[in-house]
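Student: I have just opened this structure and would like some help finding my way around. Could we go through it together?

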Amino acid sequence: MIAGLTTYNIKDIIDTVEHPCVYVFFDTCALLHLLKIETHQSNSNVNIFAHYEELYNLIHEGKVIALASIMNYIELESNYNSICQDFGAKYNKTIKYAQPIINLAHDKGKIAEVIDFNSLSVLEYAKDLYNRITLEIKYLKERLCYDRFAMIRVKQSIVPAHKKHEYKDAYIWKTCLDVKSKSKKNDYIIFFTTNTEDFVPDEGTEAKEQLIRDCGKKVKIITNINALIPKLKIKLGMPLT
């Protein structure tokens, strides 16, 4: 238990939402992705901030339920400051990438105030957006079965612990699978991660086949915010605009 953090039993959440329900289960990297200058540098023609704003609105309006593991929260707390410092240190060198993205977001009404490019207001905006999203997330309680699952997958080199043998990845994945096992018949779960190394194995490998078995028909792994928003809109019956 972490002081000041409210954690939830997944069954309690499922019992209180309308069904069918769309859940987005966040991996840590998918949230920290927003704060990495390299994200905007490598996607200089894509409005990353606007997509995350759309995601926030879907969650805030109750159209999507945002979930994560307590392990995600611990990782976020551990990495937040260093990533923000890195963003700030690289900001002046990469402003040419950030400026058109922010301008586009502003033109579409996604940013209320004009960004001052002589300051670190881009970082402040990114931090604000990150905080708004993370405050909407319901963090799921620890369970002994998650720990056991993670230990087995690490010991036996089973996806997502088949390469780096990281306990936390397997623990987080089991938490998502627990949502799947307790969800209602027509619910849909998206596992949102940018960790392609561990969650996008090569076709034809045992790791790929295991992930297919894990996901079944209810869980979809999405590794890009640009793909996430259209998928959510389709599931929610919303126009793709």
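Below, a student and a tutor talk through this predicted model step by step.

Student: Let's begin with the overall make-up: how many helices and strands are there in the protein chain?
Tutor: Happy to start there! The chain has 241 residues, and buried residues make up 49% of them. Among contacts between residues at least 6 apart in sequence, 80% join residues at least 24 apart. As for the elements you asked about, the protein chain has 11 helices and 6 strands.

Student: Since this is a prediction, over which residues does pLDDT stay under 50?
Tutor: Good thing to check early. The mean pLDDT of the protein chain is 87, and 82% of its residues reach 70 or more. Where pLDDT is low, the predicted coordinates should not be read in detail. The model does have 17 contacts beyond four places in sequence for the stretch in question, but pLDDT stays under 50 there, over residues 112-119.

Student: Which helix gives the most residues to the largest nonpolar core?
Tutor: That core has 73 residues, and those with the most contacts inside it are Phe26, Leu55 and Trp173. With 8 residues, the helix that gives the most to this core is α5, residues 70-107.

Student: At what angle do helices α8 and α10 pack?
Tutor: Two packed helices are described by the angle between their axes and the distance between the axes. Helix α8 spans residues 167-182 and helix α10 spans residues 206-215, and their axes are 10 Å apart. The angle between these two helices is about 40 degrees.

Student: And which residues of α10 make that contact?
Tutor: From α8, the contact is made by Trp173, Leu177 and Lys180. Taking the residues by class, the contact of α8 with α10 has 4 nonpolar, no polar and 3 charged residues. On the α10 side, the residues are Leu211, Arg213, Asp214 and Cys215.

Student: Trp173 has come up twice now; which residues is Trp173 in contact with, leaving aside its neighbours within four places in sequence?
Tutor: Trp173 is one of the residues with the most contacts inside the largest nonpolar core, and it also takes part in the contact of α8 with α10. Its partners beyond four places in sequence include Leu211, Asp214 and Cys215 of that contact. The full set is Phe149, Arg153, Pro160, Phe191, Phe199, Leu211, Asp214, Cys215, Val219 and Ile221.

Student: Is Glu75 buried or exposed, and with which side chain does its side chain make a polar contact?
Tutor: Glu75 sits in helix α5. Its relative accessible area is 12%, so it counts as buried, the cut-off being under 20%. Beyond four places in sequence, Glu75 is in contact with Thr28, Lys168 and Ile172. The polar contact, at 3.0 Å, is with the side chain of Lys168.

Student: How far apart in space are Leu232 and Leu55, C-alpha to C-alpha?
Tutor: Leu232 is found in helix α11, residues 225-236, and is buried, with a relative accessible area of 0%. Leaving aside neighbours within four places in sequence, its contacts are Val22, Val24, Leu55, Leu58, Val64 and Ile190. Leu232 and Leu55 are 177 residues apart in sequence, and in space their C-alpha atoms are separated by 8.8 Å.

Student: Now the peptide bonds: which residue does a cis peptide bond join to Pro160?
Tutor: Most residues other than glycine have a negative phi, and most peptide bonds are trans. One cis peptide bond joins His19 and Pro20, with omega about 0 degrees, and Pro20 is in the loop between α1 and β2. Pro160 lies in the loop between α7 and α8. With omega about 5 degrees, its cis bond is to Val159.

Student: What is the phi of His165?
Tutor: His165 lies in the loop between α7 and α8 and is partly exposed, with a relative accessible area of 36%. Ser157 is in the loop between α7 and α8 and has a positive phi of about 55 degrees although it is not a glycine. For His165, phi is also positive, near 55 degrees.

Student: Finally, how far apart are the C-alpha atoms of Val154 and Tyr167?
Tutor: Val154 lies in helix α7 and touches Ala161, His165, Glu166 and Tyr167, not counting residues up to four places away in sequence. Val154 and Tyr167 are 13 residues apart along the chain, and their C-alpha atoms are separated by 6.1 Å.

Methods
Residues are numbered from 1 along each chain as its sequence is written. Side-chain values use heavy atoms; hydrogens and water are left out. Axes are lines fitted to C-alpha atoms, for helices over the stretch in contact, and angles run from 0 to 180 degrees between N-to-C directions. Contact means heavy atoms within 4.5 Å. Ala, Val, Leu, Ile, Met, Phe, Trp, Tyr, Cys and Pro count as nonpolar, Asp, Glu, Lys and Arg as charged, and the others, Gly among them, as polar. A nonpolar core is a set of buried Ala, Val, Leu, Ile, Met, Phe, Trp, Tyr and Cys residues joined through side-chain atoms within 4.5 Å. Buried means under 20% relative accessible area, exposed over 50%, partly exposed in between (1.4 Å probe, protein chains only). A polar contact is a pair of N or O atoms within 3.5 Å; within protein, one must be able to donate a hydrogen and the other to accept it, and residues adjacent in sequence count only if both atoms are side-chain atoms. pLDDT is the predictor's confidence in each residue, from 0 to 100.
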